[in-house]
Amino acid sequence: MPRPIAATIHTTALHHNLQRVRQSVPDAKVWAVVKANAYGHGIERVFEGLRGADGFALLDLAEAERVRHLGWRGPILLLEGVFEPRDLELCSRLGLWHAVHCDEQIDMLAAHKTQVPHRVFLKMNSGMNRLGFTPARYRAAWARLGALPQVDEISVMTHFSDADSPRGIGHQIEAFNAATQDLPGERSVSNSAATLRHHTDARLRSDWVRAGIVLYGSAPDFPENSPAHWQVQPTMTLATRLLAVQHLQPGDTVGYGSRFTATEPMTIGIAACGYADGYPRHCDTGTPVLVGGVRTRLVGRVSMDMVTVDLAPVIAAGIPAGFGTEVTLWGRASTGAVLPIDEVAQAAGTVGYELMCALAQRVPVAVDGTA
């Protein structure tokens with residue numbers, strides 16, 4: 001028998017979260033962002049739940065090929081554009097739309113021989129200071145692209161740095177609107193946080209929203225708001241079972257480095273999950289976990305293959321806790337109780353994105369149709 005740890009991808013939760021995005025921006029089209037192998041979920045595993053999107057957005061050409069092989073005939077957008085001239089040949093063959101964020105990418109297009117002009121998204125650096133043309137250079141880049149026979153329609157786009165925080169989008173949307181005033185073409189400006197938090201802002205018009213982390217059941221502005229606040233559901237559950245139970249006396253320690261010392265008699269469980277499964281080693285005593293659907297905490301240091309959990313709340317709830325009892329590291333327990341991945345990530349000093357993407361290859365992954 002394999003180890004009892006497994007991840008489950010919830011198809012109907014993906015569908016629900018996509019519909020939640022549409023409720024926020026009913027007049028916009030939705031890119032389902034599936035970069036990084038669909039945030040660690042697996043492109044093939046999420047496709048059925050997200051095929052109601054208007055398009056798929058990603059970074060990697062190989063991932064774009066995978067989406068096409070799944071039978072998708074709609075738009076696919078390369079969010080970072082092409083990396084070398086021959087990438088444009090694959091864009092032509094697969095019918096990919098692609099971002100243009102630098103002069104070198106315009107040079108590649110100018111030298112590209114094609115019978116079918118390309119649909120491009122010209123990116124502005126409105127304050128994120130990663131990719132894109134500054135507002136001062138943006139219109140010149142647009143004019144240069146517009147003069148190329150290799151280019152068909154030009155859409156305009158930018159990316160917000162603080163849509164999830166009090167600073168908000170004002171400083172960037174003002175710069176973007178000023179530089180793109182009167183330019184034709186569709187606009188794509190809203191990420192998950194902007195879609196949820198700022199969709200009523202009159203300055204914000206996004207013909208295409210780029211829904212990323214919200215599709216996967218995480219709150220883009222956690223801890224200010226929880227997934228429940230935004231009415232999104234977890235799309236990945238990481239679950240395992242107890243391997244053993246130990247009874248401690250005051251003064252007994254737990255795990256490597258004796259990071260936890262019992263101050264009173266207590267019962268702990270040992271669960272089959274560790275950092276080799278992608279669970280963060282930085283999760284310390286107090287990190288939330290569900291045992292038998294009851295919320296409790298980790299105690300001691302996470303090891304390669306095991307974690308230890310405090311069974312006192314489980315016993316107090318009248319739940320038998322022993323060999324084989326279900327342990328939910330994040331996601332939805334079989335009882336229906338939910339542990340948001342954001343809470344586990346916060347305990348590790350990171351974000352839910354990283355935990356999703358860090359799921360180890362040795363963890364079996366299944367797909368179900370339930371939320």
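Here are some notes on the fold of this chain, which is a predicted model.

1. Starting with the overall picture: the chain has 371 residues, and 54% of them count as buried. Its C-alpha atoms fill a box of roughly 75 × 40 × 35 Å along the principal axes. DSSP-style bookkeeping gives 13 helices and 19 strands, so there is plenty to trace.

2. Next, the open sheet. It holds 8 strands in the order β8-β7-β6-β5-β4-β3-β2-β9, and the pairing is parallel. The edges are β8 (187–188) and β9 (208–211), each of which pairs on one side only. If you're colouring the strands, those two are the ends to look for.

3. At the β9 end, the neighbour is β2 (residues 29–33), and the two pair in the parallel sense over 4 bridges. For a handy residue pair to click on, take Val30, whose bridge partner in β9 is Val209.

4. One helix is worth a look against this sheet. Helix α4 (residues 61–69) lies across β3 (55–58) and β4 (76–78). Its direction is at about 175° to β4. Both of those strands appear in the order of the open sheet.

5. Now for β10 (residues 236–248), which has antiparallel pairings to several partners. With strand β1 (residues 6–10) there are 4 bridges, and the two strands run antiparallel. Thr8 stands opposite Thr237 in β10, which makes a neat Thr–Thr marker for this pairing.

6. β10 also pairs with strand β17 (residues 326–332), again in the antiparallel sense, over 4 bridges. Here Leu238 stands opposite Trp330 in β17.

7. Then there is strand β13 (residues 266–271), joined to β10 by 6 bridges in the antiparallel sense. The pair to check is Val245, which stands opposite Gly269 in β13. As a general reminder, strands of a sheet pair through backbone hydrogen bonds, either parallel or antiparallel.

8. On contacts: take those in the chain with a separation of 6 or more, and 63% of them link residues 24 or more positions apart. The pairing of β1 (residues 6–10) with β10 (residues 236–248) is one place to see partners far apart in numbering.

9. Finally, surface and charge. The accessible surface of the chain is about 15800 Å², with 52% belonging to carbon and sulfur atoms. There are 33 positive and 36 negative charges, and their mean positions are 2 Å apart.

Note on methods. Residues are numbered from 1 along each chain as its sequence is written. This is a predicted model: local features need pLDDT of at least 70, side-chain atom pairs count only at pLDDT 80 or more; totals for chains, interfaces and linings use all residues. Side-chain values use heavy atoms; hydrogens and water are left out. Two strands pair if DSSP finds at least two bridges between them. Contact means heavy atoms within 4.5 Å. Axes are lines fitted to C-alpha atoms, for helices over the stretch in contact, and angles run from 0 to 180 degrees between N-to-C directions. Buried means under 20% relative accessible area, exposed over 50%, partly exposed in between (1.4 Å probe, protein chains only). Accessible areas come from the Shrake-Rupley method with a 1.4 Å probe; for residues, only the protein chains shown count as cover. Lys and Arg count as positive and Asp and Glu as negative; His and the chain ends are not counted. The place of a charge is taken as NZ of Lys, CZ of Arg, CG of Asp or CD of Glu.
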